Amino acid sequence: MSHDVIIVGSGAAGLTAALELAERVKVLVLAKGELTGGSTAWAQGGIAAVLDAGDTFENHIRDTMVAGAGLNRRETVEFVIERAPHAIDRLVELGVPFNTEGKDLHLTREGGHSHRRIVHVDDATGRAVLDALLRAAEAHPNITLLPHRACIDLITGRHEERYSGSGRVWGVYALNEQTGKVEVHTARATILATGGAGRVYQFSTAPRGATGDGIAMAWRAGCRVANMEMMQFHPTCLYNLGVKNFLITEAVRGEGGRLLNPRTGHRYMPDYDERAELAPRDIVARANDSEIKRDGLDYVHLDISHQPVDFVKGHFPTIYEKLLGLGIDMTKQPIPVVPAQHYTCGGIVIDLAGRTDLPGLYAAGECTESGLHGANRLASNSLLECFVFGEAAAADILARWESFATPPPVRAWDESRVTDSDEEVIIQQNWTEIRRFMWNYVGIVRTTKRLERAAHRIKLLMEEVDDYYGHFRVSTDLIELRNLLQCAELIVRSALERKESRGLHFTLDYPKLLPEARDTVLVP
């Protein structure tokens, strides 16, 4: 099936690019599972933009650079932040019902920000944004949305009927999850907007499908990846054995929520950082982890019950209702929380136009390392990155359109030497094992010995999974396991290369900061 442009991923980055491109070319959007299955719908907090009279681009740039511990690329930070107001205007045009205060947009504040600059839709911003983007995409005659397609690998020159070593990307091989058949989708240009690799960890706020597919596919095709050790842990995920991955937004702390030790009732964040609960996420997550481990706790308390009842219900209606259903009234009692993996700050290396190392391949959003986040993402800069780079990639493709060749004939997917698996249990066992040892050995606090143990386990599992992959028909679970394992290997390799503690990478063996901030760049 041939198209003008293929976009892998139906979240904020992918749909933003699709809507821009569709004004001139025909676009195919592929989604694993449902169109709404990505991380965008899960984003509670909001979108950071300089809209307040007392705020400036320079303030937002400085806050981003401080959170990123000097590893950000200044050029990228300026590029994204200066385009933030335009991104908000575009979303308003699409009908996103942002909260208002009089005639102005209501702005909230989150950890790491020096000003109120977060536009939001209550505490469910991502869902409102995705609804608006999907409505516009479904209505556009030049956009085809294909859910239930699990992408296996990028199609490159080596898959052409006349073999080429050019590395040129011509599209993707994708498993149709409903028929079980592998489809060949080709296009002049391809954009990866596949999200992060959060499911490599046992505890994560990411959706089930966040298995690092785009990062792993790009790496196998020949792209560099950078800063994969910079895995962000959200300080406050709900601790509830019956409910997985429910995030308690950063904005609860931004609006006065306090972190307390449940055993002593002590408010401990001022002991760790003068910014207390408004310190950047890496500091708050490590503080929570420290309190839990030191006192043998299952969780810590996040308490906003000292604020007026109407204030809490008005600001956090989704969270309030969800917690009430679990027997927790956040207007009267504290919320039990734990740190959990939250965001992949590293990824595929891209430039300001979203271009990767391979001709014809672009990337945007959480699967990339653009230079925006550095060693730690500032709250609510993630959706912003999706809009800015989704638009930038689309603009570059349209500007270069005449230089993109028509895809050549490529080989069909070869299933002649494989059979149906009779051992699905192997996939589930390996998945569980990866997530557990990554949490224990490559989590919030690391050591060289733990990382080496993880690397050893990964090597053994890779041999097992490669053998399995070579003998059995692909399934979504097998595709995801292969990608998860590849991302785990990249994270551990990157972590072993960084001989310092910076931002999200904290190791007991190298607790000091090196004088020069350098990216960890891995070359295939």
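Two strands pair if DSSP finds at least two bridges between them. Strand 6 and strand 7 (residues 118–119) have two bridges, so the two count as a pair, and the pairing is antiparallel. The model is predicted. This briefing covers two sheets, a helix crossing, a pocket and the cavities.

**Three-stranded sheet**
- This sheet is open, and its strand order is 3-7-6.
- Its pairing is antiparallel.
- Strand 3 (47–48) and strand 6 (107–108) form the edges, each pairing on one side only.
- T108 faces I118 of strand 7.
- T108 also belongs to the lining of the largest cavity.

**Four-stranded sheet**
- A second open sheet has the order 13-16-15-14.
- Its four strands pair in the antiparallel sense.
- The edges are strand 13 and strand 14 (258–260), and each of these pairs on one side only.
- From one strand to the next, the twist averages 45°.
- Strand 14 runs antiparallel to strand 15 (residues 300–303), and three bridges join them.
- Within that pair, R258 has D303 in strand 15 as its bridge partner.

**Helix 1 against helix 12**
- Two packed helices are described by the angle between their axes and the distance between the axes.
- Helix 1 spans residues 12–21, and helix 12 spans residues 382–399.
- Their axes come within 8 Å and cross at roughly 35°.
- The crossing is right-handed.
- Helix 1 brings A12, A13, T16, A17, E20 and L21 to the contact.
- Helix 12 answers with L383, C386, F387, G390, E391, A394, I397 and L398.
- By class, ten residues of this contact are nonpolar, two are polar and two are charged.
- Why do A12 and F387 fall in the nonpolar class, and E20 in the charged one? Ala and Phe count as nonpolar and Glu counts as charged, so A12 and F387 join the first class and E20 the second.

**Second largest pocket**
- The volume of the second largest pocket is about 650 Å³.
- It is lined by 27 residues.
- Which of them lie closest to the pocket centre? They are F203, Y239, V338, P339 and W439.
- V338 and P339 fall within the span of strand 16 (335–344).
- W439 falls within the span of helix 13 (424–441).
- Strand 13 (231–238), helix 9 (281–295), strand 16 and helix 13 each supply at least two lining residues.
- The lining divides by class into 14 nonpolar, six polar and seven charged residues.

**Cavities**
- Rolling a probe the size of a water molecule over the atoms shows where empty space is left.
- The structure has three cavities of 30 Å³ or more.

*Largest cavity*
- The largest cavity holds about 70 Å³ of space.
- Its lining consists of Q44, G45, T108, H120, D122, D123, T249, A251, E255, H315 and F316.
- Two of these residues are nonpolar, six are polar and three are charged.
- G45 is placed in the polar class because Gly is counted there.

*Second largest cavity*
- The second largest cavity has a volume of about 50 Å³.
- Its lining is made up of M231, F233, D282, A285, R286, I444, G503 and L504.
- Strand 13 and helix 9 each give at least two residues to this lining.
- Which element gives the most to it? Helix 9 does, with three residues.
- Five of the lining residues are nonpolar, one is polar and two are charged.

**Shared elements**
- Strand 13 is an edge of the four-stranded sheet. Strand 13 also helps line the second largest pocket and the second largest cavity.
- Helix 9 likewise supplies residues to the lining of the second largest pocket and to that of the second largest cavity.
- Strand 16 sits between strand 13 and strand 15 in the sheet order, and strand 16 contributes to the pocket lining.

Notes:
Residues are numbered from 1 along each chain as its sequence is written. This is a predicted model: local features need pLDDT of at least 70, side-chain atom pairs count only at pLDDT 80 or more; totals for chains, interfaces and linings use all residues. Side-chain values use heavy atoms; hydrogens and water are left out. Axes are lines fitted to C-alpha atoms, for helices over the stretch in contact, and angles run from 0 to 180 degrees between N-to-C directions. A crossing is left-handed if the near helix is turned anticlockwise from the far one by less than a right angle, and right-handed if clockwise. Contact means heavy atoms within 4.5 Å. On a 1 Å grid over the protein atoms alone, a cavity is a set of points where a 1.4 Å probe fits but cannot get out, and a pocket is an open set with protein on both sides within 12 Å along at least five of seven lines; lining residues have an atom within 4 Å of a point. Grid points are joined across faces, edges and corners, and a volume is the space filled by probe spheres set on the points.
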